[in-house]
Protein chains: 2
Amino acid sequence: MKPKDGKKVTAIYDATVALIGEVGLAGLRMSAIAEKAKLASGTLYIYFESKEHLLNALYSKIMMEGTIQLLPNITHLPVKKQLYVIWESVIRFRYGRNDEMIFLDQFRYSPMISEENSKLTEKFISHVEKMLDSGKEEMIVKELDNHFLIPLLYGYANDLSRYLVVRNVALTEEVITRSFGICWDAIKA
Amino acid sequence: MKPKDGKKVTAIYDATVALIGEVGLAGLRMSAIAEKAKLASGTLYIYFESKEHLLNALYSKIMMEGTIQLLPNITHLPVKKQLYVIWESVIRFRYGRNDEMIFLDQFRYSPMISEENSKLTEKFISHVEKMLDSGKEEMIVKELDNHFLIPLLYGYANDLSRYLVVRNVALTEEVITRSFGICWDAIKA
DNA sequence: TTTATTGGTGAATAAATATTCATTTACTAT
DNA sequence: ATAGTAAATGAATATTTATTCACCAATAAA
């Protein structure tokens, strides 16, 4: 028998993501995905049951790569250093993969998203919450509810990376250090 | 002759916005808008030429109310105070009208958005940039490129208000003061 | 080689959805 | 009152778009 071509799934994902960046989720067509991935439209249905399944699979993949997998095992490091490491990887990821981010933002509110996928942010957030809490115990982070601090980190990372991409600003080491410095000034005790 | 009913446009806008919050832009149907607004679907076309026109009109309206019109004439006040006033009104607006914000975020990347509408953020941003620049001159704001500072303010406001809505946290005076304090710590010299 | 099996194709079909339009209703001016 | 006009309706139509399927191609095992 003929085996499935592993590269095709990647090609489909890549095409989908690129199209979302061009026309948004509302403008996304299966035919356009097939064309961009250089496949017949029927081939999409060999790899995915439906548009909905394809998009849910893609969502889950990006969420893993963009959040969960960015959490290294560094609980032994000082809180500030832990935050920096995560800041750097999050910014780099979002900067390099802006279209994916647009997709996540739009798919989250679409009626296609599965039960399971809509819970996927929690794990990442609770990890950051734990970090902030131990920072508060050590008296180096402001004694404030996490609902003040989390959106700062999350929202800033989000918007900063998008802003840099849109304005064609290169993501240098310095940009990362500076932006982290700003965050740290905001949350340090 | 029978005059157009002014309230219908509002009803259509309200229905559209509510639906976006429920099913996102990708799930938005003209028939659903009509039903929620308690109109026949044909009536939508008396008030708007097409779905695209309806959504562009709505986008422009929300952008005006949510950004441009929030800029009061307060250039005589100290920079920190100016920022606080704008911070407060932006947070209140976004908190109270979360569905509108979801719409803005999604429509911005859709193929339906008009040339004109895609430029609408600029005016607001350049106003804030001017404020930050005069803050730098007065040496009370960090001497950093605005592309570090703008996303902090914009992204934090965005995410904070969404986070509070989703987690059902009330928007008290204290929340506004505290969050502004965090911002100010981040950007002050 | 040959055969069996699955991948791949894209035109055809089915389903979903925006838009139209013949008709009715409500309002204004005369 | 009544006529004239435009709003309002919603079933019918047009359009768009996801999905299927009859057929062909490639690969692996026999």
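**Note on the nonpolar core and the domain contact in chain A**

1. In this predicted model, Phe103(B) touches Ile20(B), Leu25(B), Leu55(B), Leu58(B), Tyr59(B) and Ile62(B), where residues up to four places away in sequence are left out of the count. A reader new to the structure may wish to begin at this residue.

2. Phe103(B) also stands out in the largest nonpolar core, which comprises 136 residues. Together with Phe103(A), Phe103(B) has the most contacts inside that core.

3. Turning to chain A, the domain assignment divides it into domain 1, residues 6-49, and domain 2, residues 62-187. Taken over C-alpha atoms, the centres of these two domains of chain A are separated by 28 Å.

4. The contact between the domains of chain A involves seven residues of domain 1 and eight residues of domain 2. Between them, domain 1 and domain 2 of chain A bury about 570 Å², and 79% of this area lies on carbon and sulfur atoms. Of the area that domain 1 of chain A buries against domain 2 of chain A, Val17(A), Ile20(A) and Leu25(A) supply 79%, more than any other three residues.

5. As to polar interactions, zero salt bridges are found across the interface of domain 1 and domain 2 of chain A. One residue pair is in polar contact across this interface, with both residues at pLDDT 80 or more. On the side of domain 1 of chain A that touches domain 2 of chain A, the residues by class are five nonpolar, two polar and no charged.

Technical notes. Residues numbered from 1 in each chain as written. Chains lettered and ligands numbered in written order. Predicted model: local features only at pLDDT ≥ 70, side-chain atom pairs only at ≥ 80, totals over all residues. Heavy atoms only, no water. Core = buried A, V, L, I, M, F, W, Y, C linked by side-chain atoms within 4.5 Å. Buried < 20%, exposed > 50% of the residue type's maximum accessible area, 1.4 Å probe, protein only. Contact = heavy atoms within 4.5 Å. Domains from an automatic or database assignment. Buried area = accessible area lost by both parts, 1.4 Å probe. Salt bridge = Lys/Arg side-chain N within 4 Å of Asp/Glu carboxyl O. Polar contact = N/O pair within 3.5 Å; in protein donor to acceptor, adjacent residues only side chain to side chain. Nonpolar A, V, L, I, M, F, W, Y, C, P; charged D, E, K, R; others polar.
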